[in-house]
Amino acid sequence: MTQQKPLELILARNLMSALSTPAFLVDEGGVLVFYNEAAGALLGKRFEELGTVGAEEWGSLFGPFDRDGEPIPYDELPLVIAVRNGRPAHADFEISSADGARHQVEISAFPILTAHGSQGAIAVLWPASSNGNGALS
Amino acid sequence: MKVKLWGTRGSIPSPGPETIRYGGNTSCVGVTLADGSMLALDAGTGIRSLGLALAAEPARLHILLTHLHLDHIQGLVFFAPAFQAQTEIVIWGPSSPEASLRDRIARYISAPLSPVEVRELPCDVSFRHCPQTEWEIGSARIRAASVAHRGPTLGYRIEDGDSSLAYIPDHEPALGADLDALEEDWISGLGLARDASLLIHDGQYSDAEYPDHLGWGHSSLSHAISFARRSGAERTVLFHHDPMHSDEQLDQLAAEASERWLALGADPAAIELAVERAEYDLAVPAPSAISAS
């Protein structure tokens, strides 16, 4: 029997599922537990194809790369800062989709804090090629 | 474990000739554990009748509140044991970053809404935030978990011997979710209800009514049926009836629920609508309604 997810993660996933803005969700341990269809379109791979990805592993799946094309260390990713330090973080960088295409994105991440402590973090991506509504054009 | 429904209505008491069979009192379920310990699940107006039934007995009892909406606490100041000095009452409920459970309940049990203050209650009353982990009351193991509703809201699972009761009276697990497609660990409340002997679950709206109440924190009949099916509960009682639903309308919902349960290949007698004062003995392997008197 699998452990039920905390309600805050369930509600976050339900909200993200309805958004056309790419969004990612990690649990309190930093495990990537969901990303939405918009994020799947950006990455070239649906979450259902990839499945849950452990902490430290997902950070290198799609880059990301800094302005000089160098990989960004896992510890410096906004989503990691949010879940580890319990504070919001923002950055812009490039990611690589499954077909090898590069996308310039901005990313904002914030922790999911509850009365019982941190339950995880959410990251929202803003692609440079978005149509102004956050959705990919 | 024996269970008795003292209030089955949601939102607001709805007494009258059109609600006489299913009842008009708001949420309250009495639970008698195998060792004789007494629990009250929620303290809607139904708890007044529960209190009268207990009045002759010196009591130590636990009230487990799912949340603090008025239809779940309104009966507290009319609960006779609260006015008996020999009674010890422990009130459990959800925590909130805003204020303690006692302070939040005291907003209701204080002027001008109430003629008495919490500190004036003659009984020995204490307030406890439900822990994140399982705890024991009498012979039972209790588990509480947050569920999808408006504001901090809990569902409960009570296990006593081989029987288990899941109580999730205010619940909208289908908000932004497809209950038939989601993985089990992503469905609000399912961990509480899994394989329960008896599931008491929100069934406030018909499918036709639900679109006008999206996000209000309650389930449609279809959502309640989907949740019950996914849970694997042996028996399901649909609860928290809409105050606008007459007995005749609830009869129709009950018939629809049974037909759809049958269509799923299940025993249509294993799903029913909550009737005030109905009793269930969960020690019996297949729980069955004993009476509605």
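Reader: Which definition of contact applies in this predicted model?
Author: The model is predicted. Two residues are in contact if their C-beta atoms, placed from the backbone, lie within 7 Å.

Reader: What share of the contacts in chain A with a separation of 6 or more comes from residues 24 or more positions apart?
Author: The count is restricted to contacts in chain A with a separation of 6 or more. Within that set, residues 24 or more positions apart account for 46%.

Reader: In what order do the elements of chain A run from the N terminus on?
Author: Chain A holds 4 helices and 5 strands. From the N terminus on, the elements run α-β-β-α-α-α-β-β-β.

Reader: What is the radius of gyration of chain A, and why is the chain described as compact?
Author: For 137 residues the globule rule gives 14 Å. Chain A comes close to that figure, so it is as compact as a globular protein of that length. Its C-alpha trace spans about 40 × 30 × 30 Å along the principal axes, and 35% of its residues count as buried. The radius of gyration of chain A is 14 Å.

Reader: Why is helix H4 of chain B largely enclosed, and which elements do its buried residues pack against?
Author: Helix H4 of chain B covers residues 221-231, and 8 of its 11 residues are buried, so it is largely enclosed by the rest of the structure. Among the buried residues are B:Leu221, B:Phe227 and B:Ser231. The buried residues of H4(B) pack against H3, S11, S12, H5 and S13 of chain B.

Reader: Which residue follows H4(B)?
Author: The residue that follows H4(B) has a positive phi, near 75°. That residue is B:Gly232.

Definitions and conventions. Residues are numbered from 1 along each chain as its sequence is written. Chains are lettered from A and ligands numbered from 1 in the order in which they are written. This is a predicted model: local features need pLDDT of at least 70, side-chain atom pairs count only at pLDDT 80 or more; totals for chains, interfaces and linings use all residues. A residue is buried if 20 or more other C-beta atoms lie within 10 Å of its own, exposed if 12 or fewer, and partly exposed in between; C-beta atoms are placed from the backbone. Helices (H or I, at least four residues) and strands (E, at least two) are DSSP runs, numbered from the N terminus. The radius of gyration is taken over C-alpha atoms; the globule rule is 2.2 Å times the number of residues to the power 0.38.
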